[in-house]
Structures are given as structure tokens and as C-alpha cells.
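Biologist: Please take a close look at the salt bridges in this model. I should like to know which side chains take part and how exposed each of them is.

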Amino acid sequence: MSATTAPKQAPPAPPPPPAAPAGVRKTALRKKLVPYWLLLPGILWLVIFFAAPLVYQASTSVQTGSLEEGFKVTWHFQTYWDALTEYYPQFLRSVMYAATATVLCLLLGYPLAYLIAFRAGRWRNLVMILVIAPFFTSFLIRTLAWKTILSDSGPVVGVLNSLHILDVTSQLGLTEGERVLATPLAVVCGLTYNFLPFMVLPLYSSLERIDGRLHEAAGDLYAKPFTTFRKVTFPLSMPGVVAGTLLTFIPATGDYINAELLGSTDQKMVGNVIQSQFLRVLDYPTAAALSFILMAAILAMVTVYIRKSGTEDLV
């Protein structure tokens, strides 16, 4: 016998699986394509009404010329710097007004959302309808109503004068003399009122999802109501706080109706400048450049805010 043994042979490879019938392959392909077909209308909508106008505005911002001679793309990026240096006060004013209105909306909206979520009971739906009801009225009509409310001969100004509150606001630069209209206070009040529902709804949605047993557990551990709010309720409602502040701050920064109707030339925001450049001055490149600067500034601020807030649900 030989001392060496014969090497073992590898087992034969299994036969390949039979190919699926053509009909089965077509059916599987259709199932894979169904989500994309469902997304197609939304994608087309975004391309036609968002991406295409954005590209057109980008090309407009680097054009030169006049309305009589026509505008041509000359890649004139100096327009951005000229627009920023000339209208930076309106940019700063827009951010300041929007930030103030956002803080006021949070201070007013959080207690209201808390009331609806935990204390309204059977009146919850009614209170929610009252919060949403202003949306059934035109934004312009609501702002004009505030122009009547804050008129010089109205009761609001009379009460503020009798309480000498306008003396304090005048020293702070919020009002001028014994009037509220055409002052920063009027513009901020209009922004706060018009965008308050955008703050209340996300806050309510976030608070309503909090399990009530967590409050009971905090009470069982001898936590005081304020401690329970600080340690349990507010941290769990942070997604609503972040969403509400974004939904309020972003449109408030670009708003121009409140400053146009409730303010004066000293309270113009960047939205008023863009509207004027597009429709009155007819300086389309400057208007487009201002729009892109505003979008870039808001995007940068929102990104920093979301990262600093530490809200994982929105990052």
C-alpha cells in the first residue's frame, strides 16, 4: 500500500436555481418602481416650482443691464457685495424683529399649548379651533386689523398712555411719543400675532405625546411642580420648541407686510427692500442677490441653532 492517501475531491457544485419566469420578473420590477412612481408628482412639483425658479433667480443675480437694454448674464458677483453693504441695516432689523417676535411667540404659546395638552379636557378641540381660526382670514386683513387696534385714537393707546407704559417704551426706542403705529413695537406685535399659531401647534403636538405617568412619577419622588416642568416636561418638549421657533423665525424674517402696514420707512425690513427692487425700482439683479443672501443667512442660522439645541429628532 502507498504511504500517501489520495486527496479528497471537492463535492460537486449545486446546480444553479432555475430562472424565474419572465412574468414574475416583470411583477417584481413593477413593485420596486412603485415608490418612485408615487414620488414622481412631488419631485416634478419641486423641480417646476422650486428648483427651476431658484436657478433662474441665481442667473438673474449675476446679470447686468437695464430694463430698456435688457439684462445679460455677465457673472457680476459684485452685486452681492453691493447689496449687502447698502442694505445691511434692513438685514439686521429683519433678524432682530423676527427673533423678538419668535421669543414672544414662545413665551405666549408655550403656556397656551400646555393648557391645551394637559388642562383643557373636553374643551381641547374648541381651544384648538380658536387657535387655528385666524388662518381662515387673509393675512392682509389680520394685519390691517392690527392697524386699527393700534391707531392713535384707539383704546389700546389710551390705556398704555394712562398707565405711562408708552413713556418707558419711548425711552427704550420701541415707540415714539404717544403713538404705537409706525414704530418697532407695532411691527413686532403684528409679527407675533400673525405667526403665533405656527408656534402653538408644534408645541401642542410635542406636549401631547408626553406620557402623563412621568409627571406622576416625578410627584412620587417629591418633585415640586416647577422641578417637574424643568426636569421632565420642558426637555421632552424640545422637539416642539425647535420646530415652533423655526416655523416662526424663518417666515418672520422674510415678511414685509407687517413692516409695510404697521411701520414707517425707519422700520423697513429686507423683505420690503426685495419687494421694492423687484416691483418699483425694477433692479432685478439686486433683488435676486438680496433674496439669495437672505436664504443663505437663514440657512446658516438655522443649521447652527439645530446643532446647538441638541434635538436629535430634527437633525
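**Salt bridges and their exposure**

Modeller: In this predicted model, the side chains of aspartate 211 and arginine 213 meet in a salt bridge, with an N to O distance of 2.7 Å. Aspartate 211 is partly exposed, its relative accessible area being 32%, whereas arginine 213 is exposed, at 60%. This pair is one of 4 salt bridges that the structure holds.

A further part of the picture centres on a network of salt bridges that links Glu260, Lys268 and Arg280. Within this network, glutamate 260 forms a salt bridge with lysine 268, and the closest N and O atoms of that pair are 3.1 Å apart. The side chain of glutamate 260 also meets that of arginine 280 in a salt bridge, at 4.0 Å from N to O. This second contact links distant parts of the chain: glutamate 260 lies in helix α11 (residues 257-262) and arginine 280 in helix α12 (residues 270-281), the two being 20 residues apart.

The members of the network can also be described by their accessibility. Lysine 268 has a relative accessibility of 19% and counts as buried, because the cut-off for that class is under 20%. Glutamate 260 is partly exposed, with a relative accessible area of 33%. Arginine 280 is exposed, with a value of 57%. Glutamate 260, which is partly exposed, is therefore joined by salt bridges to a lysine that counts as buried and to an arginine that is exposed.

Key
Residues numbered from 1 in each chain as written. Predicted model: local features only at pLDDT ≥ 70, side-chain atom pairs only at ≥ 80, totals over all residues. Heavy atoms only, no water. Buried < 20%, exposed > 50% of the residue type's maximum accessible area, 1.4 Å probe, protein only. Helix = DSSP H or I, 4+ residues; strand = E, 2+ residues; numbered from the N terminus.
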